[in-house]
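Reader: I am new to this structure. Could you take me through the terms and the reasoning behind them?

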Amino acid sequence: MATRPGDYTHFKSIVPLKRVSIGTKYWRYYDYGPKSVPPLICIPGTAGTAEVFYKQILTLSSKGYRVIAADAPPVWSHQEWVNSFEKFLDTIGVHHVHIYGTSLGGFLAQLFAHYRPRRVQSLVLSNTFLDTREFAAATTWSSLITWTPEFLLKRYILSGIRDGPQEPLIADSIDFVVSQLETLSKKELAARLTLNTTVGAIGQVLVPDSDITIMDTNDYCATPQALREEVGVRYGGARKAVLKTGGDFPFLSRADEVNLHLQLHLRRVGVEALVVTKGPGGSDDSAQGEDGRGFLQHPDLGMPPAEGGTGEGSSTSSSNSSASEAYRQKAGLGNEWTMCPCNATDWDSRKKFPLDLLVAASIEATIQGHGLPNDGLLGGSKVSIMRYWQLAMYNLY
Amino acid sequence: MATRKRTLLKVIILGDSGVGKTSLMNQYVNKKFSNQYKATIGADFLTKEVQVEDRLVTMQIWDTAGQERFQSLGVAFYRGADCCVLVYDVNVMKSFENLDNWRNEFLIQANPSDRENFPFVVLGNKVDIDGGNSRVVAEKKAKGWCTSKGNIPYFETSAKEDLNVEAAFQCIAKNALKNETEEEIYLPDTIDVNNGGSQSKSTCEC
Ligand SMILES: Nc1nc2c(ncn2[C@@H]2O[C@H](COP(=O)(O)OP(=O)(O)OP(=O)(O)O)[C@@H](O)[C@H]2O)c(=O)[nH]1
Ligand SMILES: [Mg+2]
């Protein structure tokens with residue numbers, strides 16, 4: 001398959017996936033763009049992985065920003081997530097962060113800002129919430145999450161996503177996320193659901209409202225509107241960057257708009273993109289930091305002009321190799337800006353599951369009917385769990 | 001608990017550099033004016049809650065850079081625009097002559113589904129300067145252009161003296177809302193229960 005600039009295959013071919021161990025667990029992440037620029041850290045929701053932000057990584061790095069998209073290893077409590085995330089940042093040598101968090105990722109970003117006020121400089125919160133109690137209440141079987149078979153976990157995670165025909169870009173975004181979900185292990189799925197359904201609420205966040213952007217989609221999304229509105233009320237002075245449409249995954253379906261808002265946010269909170277001037281006359285243009293035309297793109301990386309079909313990128317790239325070398329040095333770019341022979345997943349062929357909360361609920365009842373303990377399930381042997389599941393399924397159908 | 005989604009109106013302000021786009025937006029949203037000129041880099045937006053007839057809507061107003069070298073943020077903000085405001089300076093002929101270019105630019109970039117009926121509003125700004133003695137574009141001439149482009153509503157404004165700014169933006173909101181509601185009817189997936197209103201085509205008479 002040919003790689004088009006800006007598509008996922010292209011992304012996989014130029015941006016390497018990294019891993020770093022925190023204790024016995026691994027964070028997976030992408031870290032792209034000039035190392036001297038304070039990074040924007042992207043944290044996905046329950047259904048997302050670091051890969052879902054590939055359009056932000058490609059576009060914003062080409063404009064001189066550093067973007068890190070990170071996937072937590074399976075952790076089982078909010079506090080454990082906060083600790084693990086902090087160690088992750090320490091390990092990769094990042095102190096102050098700007099965080100872009102969507103749904104569960106937005107909740108966790110706020111949680112981190114609450115517990116580590118000095119590290120979080122700004123927040124972009126998208127389709128998110130202040131409190132998990134509603135999810136906890138709706139998931140009566142949450143204590144059974146670690147017992148639940150993979151397909152049901154996936155089904156549940158996808159249950160909020162709107163079914164039925166979609167506008168093509170939104171349909172594509174859902175397909176992409178579903179394909180990412182397929183790459184997650186059962187343990188990872190269970191951990192994410194556990195974080196989403198464990199009772200927890202955001203305490204005081206010291207990030208000033210002026211350094212917060214709330215980026216919600218106005219058409220629909222899985223996070224109930226009432227919960228999203230609580231976020232707007234809490235950070236009353238935050239910038240409200242509402243997108244008219246985009247569904248649950250605007251970073252994929254409306255990447256150009258999301259990238260624009262992220263750029264505006266970073267500019268407002270004082271993050272300067274790393275800009276290399278193209279020579280005489282160009283300096284005042286590019287000094288501002290967000291002028292794509294002033295920023296010298298890295299020619300041999302074939303940076304995408306923009307995400308597919310938007311025509312956003314008016315950038316011209318110079319193929320002057322000494323200039324590119326200068327950029328490489330100034331940007332503090334190391335070897336990671338080289339090719340990575342990863343394969344893209346074939347996400348077109350994946351399927352999505354319909355909502356089936358009822359099934360899960362009745363399975364819970366069935367299991368309890370069999371006298372299984374419903375807490376501390378991690379220790380159960382795989383074989384016995386499977387047997388109970390077979391029983392449960394048998395009783396249901 | 002069914003909270004109805006908010007109506008979001010997206011408004012784009014275009015026009016030559018220095019005509020007062022940023023000043024008009026600031027006067028309208030923040031009730032502030034500054035004599036100092038700071039060129040807009042790229043684009044930026046402000047939001048304002050407005051009452052249009054009996055509805056409370058959120059207006060997202062995009063202020064753009066008139067200087068070409070600062071138009072660096074791409075055209076993403078054009079997406080889903082509900083109204084385009086074209087601004088010129090009544091004291092600068094060139095800024096009036098360029099309205100055609102700005103209008104075309106918008107139609108190309110935003111590519112609205114109904115080009116003929118897409119709502120524009122034209123503002124002739126800085127009418128306060130020199131008590132009107134230095135103006136070079138006559139009101140009649142401006143109105144003629146607006147009429148020829150499908151009856152675009154026209155306002156003469158002063159961001160400095162807050163003249164006609166509120167009225168202009170009321171009209172902008174009203175036309176944007178009309179566009180937004182019409183758009184929704186054609187979306188196959190949208191259920192819009194509050195759209196019983198009439199679909200009269202007349203431009204607002206404010
Ligand atoms: N006297 C007078 N001056 C105005 C008025 N509106 C704007 N100005 C002044 O005109 C200059 C330019 O105004 P801006 O609002 O920055 O112009 P702009 O259209 O945003 O310019 P760009 O950002 O470069 O596209 C500033 O010095 C303003 O103070 C007005 O109604 N009357
Ligand atoms: Mg301006």
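Author: Start with accessibility. Buried means under 20% relative accessible area, exposed means over 50%, and partly exposed lies in between. Keep in mind that this is a predicted model.

Reader: Why is B:Thr22 called partly exposed?

Author: The relative accessibility of B:Thr22 is 27%. Partly exposed covers values between 20% and 50%. B:Thr22 therefore counts as partly exposed.

Reader: What makes B:Thr40 count as buried or exposed?

Author: B:Thr40 has 16% relative accessibility. The cut-off for buried is under 20%. So B:Thr40 counts as buried.

Reader: What makes B:Thr22 and B:Thr40 protein donors of the magnesium ion (ligand 2)?

Author: Their OG1 atoms lie 2.0 Å from the magnesium ion. A donor is an N, O or S atom within 2.8 Å of such a metal. Both threonine atoms qualify, because 2.0 Å is within 2.8 Å.

Reader: Why does this pair tie together separate parts of chain B?

Author: B:Thr22 lies in helix 1 (residues 21-30). B:Thr40 is in the loop between helix 1 and strand 2 (43-52). The two parts are 18 residues apart in sequence, so the pair links them.

Reader: Now chain A. How do you know that A:Arg28 is buried?

Author: A:Arg28 is in strand 2 (residues 25-32) of chain A. Its relative accessibility is 16%. Buried means under 20%, so A:Arg28 counts as buried. The residues it touches include A:Leu17, A:Thr49 and A:Ala70.

Reader: What makes the pairing of A:Arg28 with A:Glu51 a polar contact?

Author: The two side chains come to 2.6 Å. The limit for a pair of N or O atoms is 3.5 Å. A polar contact of 2.6 Å also joins the side chains of A:Arg28 and A:Asp71.

Reader: How do you know that the length of helix 7 of chain A agrees with expectation?

Author: Helix 7 has 14 residues, 168-181. At 1.5 Å a residue, it should span 20 Å. Its end C-alpha atoms are 20 Å apart, so the two agree.

Reader: Which residues of helix 7 are buried, and what covers them?

Author: Among the buried ones are A:Ile170, A:Phe176 and A:Leu181. Their cover includes helix 1 (8-14), helix 6 (150-158) and helix 8 (186-197) of chain A. At the start of helix 7, a side-chain oxygen of A:Glu167 reaches to within 2.8 Å of the backbone nitrogen of A:Leu169.

Reader: How many of the residues of chain A are buried overall?

Author: Of its 397 residues, 59% count as buried.

Terms used. Residues are numbered from 1 along each chain as its sequence is written. Chains are lettered from A and ligands numbered from 1 in the order in which they are written. This is a predicted model: local features need pLDDT of at least 70, side-chain atom pairs count only at pLDDT 80 or more; totals for chains, interfaces and linings use all residues. Side-chain values use heavy atoms; hydrogens and water are left out. Helices (H or I, at least four residues) and strands (E, at least two) are DSSP runs, numbered from the N terminus. The expected span of a helix is 1.5 Å times one less than its number of residues. Buried means under 20% relative accessible area, exposed over 50%, partly exposed in between (1.4 Å probe, protein chains only). Contact means heavy atoms within 4.5 Å. A polar contact is a pair of N or O atoms within 3.5 Å; within protein, one must be able to donate a hydrogen and the other to accept it, and residues adjacent in sequence count only if both atoms are side-chain atoms. Donors are N, O and S atoms within 2.8 Å of the metal (3.2 Å for Na, K and Ca); water is not among the atoms, so sites may look incomplete. Lists of a residue's contacts leave out its neighbours within four places in sequence.
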